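Biologist: Could you take me through one part of this model closely, residue by residue where it helps? I would like to see how that part sits against the rest of the chain.

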Amino acid sequence: MRIKKTCAYPVIIVLCLFFIFPALLLSQEPTAIKILDEKVRTFLENRRGTWRDLNVPASDGKILYDLIVKNNYQKALEIGTSTGHSGIWIAWALSKT
């Protein structure tokens, strides 16, 4: 019994999709994460002290961030964003999960 050569192509494609391509994507992910982290840190640092009274303090934002990352939450809902200070912390944390 002879196996057709064309049968090998789908197997090669599947192997590439499951093993090679994810490895390539994951190898570049840390750089993108570092860039995002640096941008968010810089943004928050440059605006420290300029947020209005109704925003959460940076310490509370860090708590929100830590809760989301620690529990690996995938979704969040914020109501009443004011200027969005806590929303930035929440979105930043969700980018990790």
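Modeller: Happy to! One definition first: two residues are in contact when heavy atoms of theirs lie within 4.5 Å of each other. Please also keep in mind that this is a predicted model.

Let me set the scene before zooming in. The chain holds three helices and zero strands, so the run of elements from the N terminus is simply α-α-α. Buried residues account for 14% of its 97 residues. The accessible surface is about 8000 Å², and carbon and sulfur atoms own 65% of it. If we take the contacts between residues at least 6 apart in sequence, 72% of them join residues at least 24 apart.

The part I would pick is helix α2, together with what packs on it. This helix has 14 residues, and the distance from its first C-alpha to its last is 20 Å, close to the 20 Å expected at 1.5 Å a residue. Which residues of α2 are buried? They are Gly61, Tyr65 and Ile68. Viewed down the helix axis, these buried residues fall within an arc of 70°, so they line one face of α2. As for what lies over them, the cover includes α3.

That brings us to the core. In general, nonpolar side chains tend to be buried together in soluble globular proteins. Here the largest nonpolar core has eight residues: Val40, Leu44, Tyr65, Ile68, Trp89, Ile90, Trp92 and Ala93. Two or more of its residues come from each of α1 (8–46), α2 (58–71) and α3 (85–96). The largest share, four residues, is given by α3. Two of the names on the buried list of α2, Tyr65 and Ile68, return in this core.

Now for the rings, which I think you will enjoy. The structure holds three aromatic pairs. In one of them, Tyr65 and Trp92 have ring centres 4.9 Å apart and planes at 50°, so the pair counts as tilted. Tyr65 belongs to helix α2 and Trp92 to helix α3, so this pair ties together parts that are 27 residues apart in sequence. Is Tyr65 buried or exposed? With a relative accessible area of 13%, Tyr65 is buried, because the cut-off for buried is under 20%. Trp92 is buried too, at 7%. Another pair joins Trp89 and Trp92, and it is also tilted, with 5.6 Å centre to centre and 40° between the planes. These two tryptophans both lie in helix α3, three residues apart, which is about one turn of the helix. Taken together, ring pairs link Tyr65, Trp89 and Trp92 into a cluster.

Trp89 deserves a moment of its own. Its relative accessibility of 10% makes it buried. Setting aside residues up to four places away in sequence, Trp89 touches Leu44, Ala58, Gly61, Lys62 and Tyr65. Two of those, Gly61 and Tyr65, are among the buried residues of α2. Lys62, another residue of helix α2, is partly exposed, with a relative accessible area of 38%. Lys62 can also be set against Ile90 of the core: their C-alpha atoms are 9.1 Å apart, although 28 residues separate them along the chain.

Elsewhere on α3 we find Ser86. Ser86 counts as buried, at 8% relative accessibility. Beyond its neighbours within four places in sequence, Ser86 is in contact with Val56, Leu64 and Glu78.

Finally, where does the chain go after α2? The helix is followed by Asn72, whose phi is positive, near 55°. That is a positive value in a residue other than glycine, which may catch your eye if you check backbone torsions. Asn72 lies in the loop between α2 and α3, and at 46% relative accessibility Asn72 counts as partly exposed.

So, to gather up the picture: α2 turns one face inward, lined by its buried residues, α3 is part of the cover over them, and a cluster of Tyr65, Trp89 and Trp92 is linked by ring pairs.

Terms used
Residues numbered from 1 in each chain as written. Predicted model: local features only at pLDDT ≥ 70, side-chain atom pairs only at ≥ 80, totals over all residues. Heavy atoms only, no water. Core = buried A, V, L, I, M, F, W, Y, C linked by side-chain atoms within 4.5 Å. Buried < 20%, exposed > 50% of the residue type's maximum accessible area, 1.4 Å probe, protein only. Areas by Shrake-Rupley, 256 points an atom, 1.4 Å probe, with all protein chains shown as cover. Phe/Tyr/Trp six-rings, centres within 6.5 Å; stacked < 30°, edge-to-face > 60°. Expected span 1.5 Å × (residues − 1). Arc of directions from axis to C-beta.
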